Amino acid sequence: MSSKDAGVPRRRLAPEVRRAEIVRAGTRLFGENSYDSVRMDDVAEAAGVSRALMYRYFPDKRSLFVAVVNWLSDKMLERTEAAIDPAATAFAQIRVGVLGYLDQYENHPHAADAILVGIGSTEPALIDRDHRDHEYLSNLMVGRLREMMDSELPSRAEALMPVIVSAWLAFTQEFMRQWVLDRTIDRDEVADRCAHALLDAFVRLPGMPLEAVKLLDERRA
């Protein structure tokens, strides 16, 4: 046992509680420091565990970072869905969805760098998580907007809705990546532009009933 390990206070905790403590410690350190500068020894010390015990849960820094991103993403999706007011305008609802991501990236700037312009672009587990989040958000957005229009749509328009939202999510992610690279871009403008882009695409769906187009345009403000 190293001298560093010898100084770590021992507490008996259930494995899932211990793992959660390590992830929370990792979340703080990855959020405050660049990915490359975070050391597993520092995470172990912050979590109050020995190096040997921590490596039983996470064999390397990459696996710990994946767990941190999964935890952050779960919390972000929960907060975002709870924050979207179904009685609000279409513009406001979409905007809240975008701001959910921006808030998380603002609160964990170094983690955002790693997710959007670093390890997140090459790590299969994070790419898979990103795809799953996009699918979840696509279903959420399509469902909310479909309910809002409250009118029967042509089959072609119905089929295109999830395709458009999927493409819009890719556009939005790139917009947010540019914001991470250049924080002088106003975050409210990012949210506004993204919300307008999705509504612009929806009102141009083929065969959209006039009342649905008017409703989306009216609810843009």
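In what order do the elements of the protein chain run from the N terminus on? Hello everyone, and the answer is pleasantly simple: α-α-α-α-α-α-α-α-α-α-α. Put as a count, the protein chain has 11 helices and 0 strands. Before we go on, please keep in mind that this is a predicted model.

Let me start with the overall picture. The C-alpha trace of the protein chain spans about 75 × 35 × 30 Å along its principal axes. The protein chain has 221 residues, and 47% of them count as buried. If we take contacts between residues at least 6 apart in sequence, 73% of these join residues at least 24 apart.

Now let's look at one pair of helices. Two packed helices are described by the angle between their axes and the distance between the axes. Our pair is α7, residues 109–117, and α9, residues 155–181. They pack at an angle of about 135°, and their axes are 10 Å apart. That angle makes α7 oblique to α9, and the crossing in which α7 passes α9 is left-handed.

Which residues meet there? On the α7 side we have Ala112, Asp113, Leu116 and Val117, and on the α9 side Gln173, Met176, Arg177, Val180 and Leu181. Sorted by class, the contact of α7 with α9 holds 6 nonpolar, 1 polar and 2 charged residues.

Let's stay with α7 a moment longer. Its buried residues are Ala111, Ala112, Ala114, Ile115 and Leu116. And what covers them? The cover includes α2, α5, α6 and α9. So Ala112 and Leu116 deserve a second look on your screens, because they are among the buried residues of α7 and also among those that meet α9.

Gln173 comes up again with our next residue, His134, in contact with Leu169, Ala170 and Gln173 once its neighbours within four places in sequence are left aside. His134 itself lies in helix α8, residues 124–149. Is His134 buried or exposed? Its relative accessibility is 16%, and buried means under 20%, so His134 counts as buried.

Ser73, in helix α5, gives us another example. With a relative accessible area of 7%, Ser73 is buried. Leaving aside its neighbours within four places in sequence, Ser73 is in contact with Gln104, Arg129 and Asp133.

Finally, the aromatic rings. A pair of aromatic rings is described by the distance of the centres and the angle of the planes. The count here comes to 5 aromatic pairs. One of them is Tyr35 with Phe65, an edge-to-face pair at 5.2 Å centre to centre and 75° between the planes. This pair links distant parts of the chain, 30 residues apart: Tyr35 sits in the loop between α2 and α3, while Phe65 belongs to helix α5. Both Tyr35 and Phe65 are buried. Ring pairs also bring in Phe30, giving a cluster of Phe30, Tyr35 and Phe65.

Another pair takes us back to helix α9. Phe171 and Phe175 are edge-to-face too, at 5.9 Å centre to centre with 70° between the planes. Why are they separated by about one helical turn? Because they are 4 residues apart in helix α9. Phe171 is partly exposed, since its relative accessible area is 38%.

That's my tour, and thank you for listening!

How values were computed
Residues are numbered from 1 along each chain as its sequence is written. This is a predicted model: local features need pLDDT of at least 70, side-chain atom pairs count only at pLDDT 80 or more; totals for chains, interfaces and linings use all residues. Side-chain values use heavy atoms; hydrogens and water are left out. Axes are lines fitted to C-alpha atoms, for helices over the stretch in contact, and angles run from 0 to 180 degrees between N-to-C directions. Helices (H or I, at least four residues) and strands (E, at least two) are DSSP runs, numbered from the N terminus. Angles under 35 degrees count as roughly parallel, over 145 as roughly antiparallel, 65 to 115 as roughly perpendicular and the rest as oblique. A crossing is left-handed if the near helix is turned anticlockwise from the far one by less than a right angle, and right-handed if clockwise. Contact means heavy atoms within 4.5 Å. Ala, Val, Leu, Ile, Met, Phe, Trp, Tyr, Cys and Pro count as nonpolar, Asp, Glu, Lys and Arg as charged, and the others, Gly among them, as polar. Buried means under 20% relative accessible area, exposed over 50%, partly exposed in between (1.4 Å probe, protein chains only). Rings of Phe, Tyr and Trp (its six-membered ring) pair if their centres lie within 6.5 Å; planes under 30 degrees apart count as stacked, over 60 as edge-to-face and the rest as tilted.
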